[in-house]
Amino acid sequence: MIGDYSSPAKSQARFGLTRRTAAAEPSFSPMLTASVLVWAVPWLAVSVAGNLAPSSAVNVNSTASALPQLLTPDTGCRVRLFDLTITWEKHAPDGYEPAREMALINGQYPGPTIEVDEGDVVEVVVTNLMPQNTTVHFHGIEMQGSNWSDGVPGLTQRQIRTGSSFVYQWKATQYGSYWYHAHERGQLDDGLFGPIIIRPALERERPFSLISKDASEVAAMVAAEAVSRPLVLSDFRHVTSTDGWAIEIAAGIETPCYDAVLINGRGRVDCWSESKREALLTPPQAQILALGNETSLTAKGCLSANIIGNVLAAGIPNNLSAVPPGIFDVCTPTSHSLATIEVNRDGPDSVWSGRETTWAAFDIIGAFGLLTAVFSIDSHPLWIYAIDGSYVEPMLVDAIEVTNGDRFSVMIPVTKQGNYTIRVASDTTAQSIAGYANLVVSGGRSPPSCSSSSSPATPSLAYINDVGVNTTSGVVFFNQANMKSFPPDVGVGNATVDRTFNLGIRIAGASYNWALNNSVYPMQLDNETPLLFQPYPDRDNNVTITTLTGQWIDLVMQALSFPMPPHPIHKHGNKMWLMGSGDGIFNYSSVAEAIQHIPDNFNLVDPPKRDTLATPAATANTAWMVVRYQVTNPGAWFLHCHIDSHLLGGMAMVIQDGIDQWPEVPEYYREYV
Ligand SMILES: [Cu+2]
């Protein structure tokens, strides 16, 4: 940790120097008001006030800025300050006792919402009171001019040690739904995450007139968007990520088996009967079980340790006796209450009163460590209007498959009072498990319910079952191939591509070790001097690749073996376009060449744009996808699988984008230890 403890004189001197406006953040009540944690900003003295002593300290619970302003908010916008204090405490979000220890942020799980406006400068002071190091990444935030606030240990910053604080400062150059999460080891699985909402600028064109031509309806949707609420979907397990990882090492296998699916941090352990597991067994599960001479999932709905170790990672030595029974086989139900999401049609948003339809907006966030799951709200079709924080031409669907890191912003027409089930059903082959919450709609002009009946006033009609399969043939699922940016992106399909990198994906030596670009990212790099501070072309051979500013880059993600699950590949620093995908091996030097032979595998006209793109499942053959981006944001950016256990297992690499225009790191970040 830099520097020393605060002295009142120094603090006052610093406050006197603050040239910024600090917005009140009532949702961020500091949990540790008596905290004496402080940290110092040596260059503050130099760059802001040359007459100060070279060590000036800041109390993290202040609502004033902790750093000099490195970035300039847009006209009329503000600097927004947030204190996130991370503790390590017993907590049971699914009601399971004994409660495990996990990360809480300002005493909450998930952490509080960072809500700002487009154009704001955002400053987040993270104070780590956990017994282990941490960093915080702001998922999907492009970090223009602030690579050092991207939160990757050993790449963009040094770790925040126990008892220390770190100031992240970035500008909201984008709008929409994002999230923050730990980027140190498996801490995402320990609950260290929370939502980010960037309210779009007034002048930004919305896509709502494609939903309704009625100006008052459009106005209602704009107003609903302004108060959209996060729905954070997560998978939860009863072992810490550290213990879980130790079990994987000891057993020599991956352990993809969770205990509960949570919505906004609430849920319960739901143990399925043997007959339910049998009835809902999916064809891929049956196929894989048969390869291991098994016929059913474990009590937790998982593929067994035997299947994981001896079928999916056949030929790799393991020690299955090192897996405690609770990991795959023992399910103990709880009767915990579920999250309730309320929409009051006569509520404070009285603009709706008297309308037939109320519009409600939600930001669905896939904060899963492992699972991919199907999201649906009974009786309520969803207008998807933004994906990963960017507007799209609205798509009307009944259900959305949500994978690790995804965000879907949805506008929901709400017409009838009642209680409706929100469903999150895993469609991951490794585990069948589901979670629920309640959508409670009150107010409006619906007729009073018949009190003689025990059923709700309007039935809650499910679109999907507990493994994410449609209940009727008319159910519409989100199809990524149909998503179109709003307004359209120009110049992507016909760009002249400067470099094509072929990144081979494989299991590397052990069932829990995964390679991206054919290499396992060495975990000791987390503790080294951040690469951002000293760029180094070809560091660790394949683990680092390098580009030049302005270049168009194609990345071919190639699954080298099968069966292999989809890998949601996330790039830091910018969004990417999915240009094409297919089965087999990509035997071409470029997309331009491939398109001569297999044109139907590509979309050069209006490709999907996202910050995470999942590789196709390699079931009966190998598979590939090509993603494209332009180097417009020079810096050290991580590219990795967003499945937590795959990231832990090394499925990551670094792109030194624009090494010719490398950013100069401010002294505070360079000197932070
Ligand atoms: Cu993966």
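In β10, which residue is the bridge partner of V116? Figure 2 has the reply, and the other close-ups tour this predicted model.

**Figure 1. An overview of the fold comes before the close-ups.** The protein in this predicted model has 673 residues, and 53% of them count as buried. Its secondary structure comes to 11 helices and 32 strands. If you look at contacts with a separation of 6 or more, 78% of them are between residues 24 or more positions apart.

**Figure 2. Strand β10 pairs with β5 and with β9.** Here is the partner from the opening: V116 is bridged to I198 in β10. Strands β5 and β10 run parallel and are joined by four bridges. Strand β9 (residues 176-182) also pairs with β10, this time in the antiparallel sense and over six bridges. For a landmark in that pairing, find Y178, which stands opposite I196 in β10. Parallel and antiparallel are the two ways in which strands of a sheet pair through backbone hydrogen bonds. Strand β10 covers residues 193-199, and six of its seven residues are buried, so the strand is largely enclosed by the rest of the structure.

**Figure 3. Six strands make an open sheet with mixed pairing.** To trace the sheet, follow the order β23-β22-β25-β30-β27-β28. At the edges are β23 (514-515) and β28 (609-610), each of which pairs on one side only. Strand β22 (residues 499-507) meets β23 in an antiparallel pairing of two bridges. One residue pair to pick out here is I507 and its bridge partner W514 in β23.

**Figure 4. Helix α7 packs against two other helices, α6 and α8.** Which residues of helix α7 (residues 305-312) are buried? They are A305, I307, I308, G309 and L312. The buried residues of α7 pack against α6 (283-291) and α8 (325-328). As a reminder when you inspect the view, an α-helix has 3.6 residues a turn, so residues three or four places apart point the same way.

**Figure 5. Two cis peptide bonds lead into prolines, P98 and P563.** The bond from E97 to P98 is cis, and its omega is near 0°. You will find P98 in the loop between β3 (79-91) and β4 (100-105). The other cis bond joins F562 and P563, with omega about -5°. P563 also sits in a loop, the one between β25 (552-559) and β26 (568-571). Strand β25 is also part of the six-stranded open sheet of Figure 3.

**Figure 6. N106 and D388 have positive phi without being glycines.** For N106, phi is about 50°. This residue lies in the loop between β4 and β5 (114-117), and β5 is the strand that runs parallel to β10 in Figure 2. Is N106 buried or exposed? N106 is buried because 20 other C-beta atoms lie within 10 Å, and 20 is the cut-off for that class. D388 likewise has a phi of about 50°, and its place is the loop between β16 (382-387) and β17 (390-397). With 25 other C-beta atoms within 10 Å, D388 is buried as well.

Terms used: Residues are numbered from 1 along each chain as its sequence is written. This is a predicted model: local features need pLDDT of at least 70, side-chain atom pairs count only at pLDDT 80 or more; totals for chains, interfaces and linings use all residues. A residue is buried if 20 or more other C-beta atoms lie within 10 Å of its own, exposed if 12 or fewer, and partly exposed in between; C-beta atoms are placed from the backbone. Two residues are in contact if their C-beta atoms, placed from the backbone, lie within 7 Å. Two strands pair if DSSP finds at least two bridges between them.
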